[in-house]
Amino acid sequence: TQSEAGSPTITGTYSGDAHESPSSGGSSVAFEKRSTTTKLTCAPSEPLLGTPTTCTVTVKDTSSATTSAPAGSISFTLIGNGTFSSGTCTLVAASASSSSCSVEFTPTLKEQNPEIVAEYTPSAGNDHEGSEGSYVLHPGAALPHSTSTAVSCTPSSLQVGTQTTCVATVIDTSANAVSPSGVVSVSASDG
């Protein structure tokens with residue numbers, strides 16, 4: 001039994017007896033790394049633009065021997081547009097044969113279905129093989145940004161038959177604010 005991958009040589013030495021002379025022989029035995037699979041899922045799978053989704057990676061020991069939870073880290077590569085909360089995450093044991101970790105991803109362009117690739121890199125001295133998995137998102141339309149509209153007239157008090165100048169100001173009050181565009185309709189009520 002060997003605890004890590006390698007190719008040790010097993011040597012047998014005969015000490016001899018009164019009629020036989022000593023001899024020895026050896027054989028090399030290959031201990032391979034434990035095979036793994038890397039699976040990536042994101043929920044929700046159809047996030048709104050500008051809304052984060054949680055992407056979870058699970059690395060599983062698929063070797064035929066007694067399994068162990070893979071140790072190491074995950075690095076993320078993006079094919080498309082969007083942002084990660086972190087480009088890497090460190091695996092945490094989830095069972096006797098698997099480990100997992102998560103990051104958040106925010107899509108930024110509806111015309112694309114971004115593909116996220118997760119690559120598993122074993123930690124130093126770990127006997128698991130690296131592997132990778134991918135996931136394709138299908139972003140939905142973004143929710144309208146919230147706004148506030150204020151109207152200010154100068155002068156605010158005047159005689160009948162004279163004019164006042166009124167200015168409407170529209171402000172984007174959402175977290176990722178942009179400058180509003182469009183038309184403001186104006187109406188007056190009796191008062």
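A residue counts as buried when its relative accessible area is under 20%, and by that criterion both Arg-34 and Asp-127 are buried in this predicted model.

**Figure 1. Overview of the predicted model, an all-strand arrangement of 13 strands and 0 helices.** Followed from the N terminus, the elements of the protein run β-β-β-β-β-β-β-β-β-β-β-β-β. Of the 191 residues in the protein, 22% are buried. Among contacts with a separation of 6 or more, 56% are between residues 24 or more positions apart.

**Figure 2. Close-up of the salt bridges around Arg-34, which lies in the loop between β2 (23-28) and β3 (36-43).** The whole structure contains 2 salt bridges. In one of them, the side chain of Arg-34 meets that of Asp-61 with an N to O distance of 3.5 Å. Because Arg-34 lies in a loop and Asp-61 in strand β4, this pair ties together parts that are 27 residues apart in sequence; Arg-34 and Asp-61 are both buried. Arg-34 also forms a salt bridge with Asp-127, where the closest N and O atoms are 2.9 Å apart. This pair links distant parts of the chain, since Asp-127 sits in the loop between β10 (115-122) and β11 (131-136), 93 residues from Arg-34. Through salt bridges that share partners, Arg-34, Asp-61 and Asp-127 are joined into one network.

**Figure 3. Close-up of Ser-63, in the loop between β4 (53-61) and β5 (72-79).** Ser-63 has a relative accessible area of 17%, and because buried means under 20%, this residue is classed as buried. The side chain of Ser-63 makes a polar contact of 2.6 Å with the side chain of Asp-61, the residue that also meets Arg-34 in a salt bridge. When neighbours within four places in sequence are left aside, Ser-63 is in contact with Arg-34 and Ser-35.

**Figure 4. Close-up of the aromatic cluster formed by Phe-76, Phe-84 and Phe-105.** The structure holds 2 aromatic pairs. In the pair formed by Phe-84 and Phe-105, the ring centres are 5.1 Å apart and the planes make an angle of 50 degrees, an arrangement described as tilted. Phe-84 lies in strand β6 (residues 82-84) and Phe-105 in strand β9 (residues 98-107), so the pair ties together parts that are 21 residues apart in sequence. The exposure of the two residues can be read alongside this geometry: Phe-84 is partly exposed, with a relative accessible area of 24%, whereas Phe-105, at 0% relative accessibility, counts as buried.

**Figure 5. Close-up of the open sheet made by 4 strands in the order β7-β5-β10-β11.** The pairing within this sheet is antiparallel, and the edge strands, each of which pairs on one side only, are β7 (88-90) and β11. On average, and with direction ignored, neighbouring strands of the sheet are turned by 20 degrees against each other. Strands β10 and β11 run antiparallel and are joined by 6 bridges. Within this part of the sheet, Glu-115 stands opposite Val-136 in β11. The loop between β10 and β11 holds Asp-127, which takes part in the salt bridge with Arg-34.

Definitions and conventions: Residues are numbered from 1 along each chain as its sequence is written. This is a predicted model: local features need pLDDT of at least 70, side-chain atom pairs count only at pLDDT 80 or more; totals for chains, interfaces and linings use all residues. Side-chain values use heavy atoms; hydrogens and water are left out. Rings of Phe, Tyr and Trp (its six-membered ring) pair if their centres lie within 6.5 Å; planes under 30 degrees apart count as stacked, over 60 as edge-to-face and the rest as tilted. Helices (H or I, at least four residues) and strands (E, at least two) are DSSP runs, numbered from the N terminus. Buried means under 20% relative accessible area, exposed over 50%, partly exposed in between (1.4 Å probe, protein chains only). A polar contact is a pair of N or O atoms within 3.5 Å; within protein, one must be able to donate a hydrogen and the other to accept it, and residues adjacent in sequence count only if both atoms are side-chain atoms. Contact means heavy atoms within 4.5 Å. A salt bridge is a side-chain nitrogen of Lys or Arg within 4 Å of a carboxyl oxygen of Asp or Glu. Two strands pair if DSSP finds at least two bridges between them. Axes are lines fitted to C-alpha atoms, for helices over the stretch in contact, and angles run from 0 to 180 degrees between N-to-C directions.
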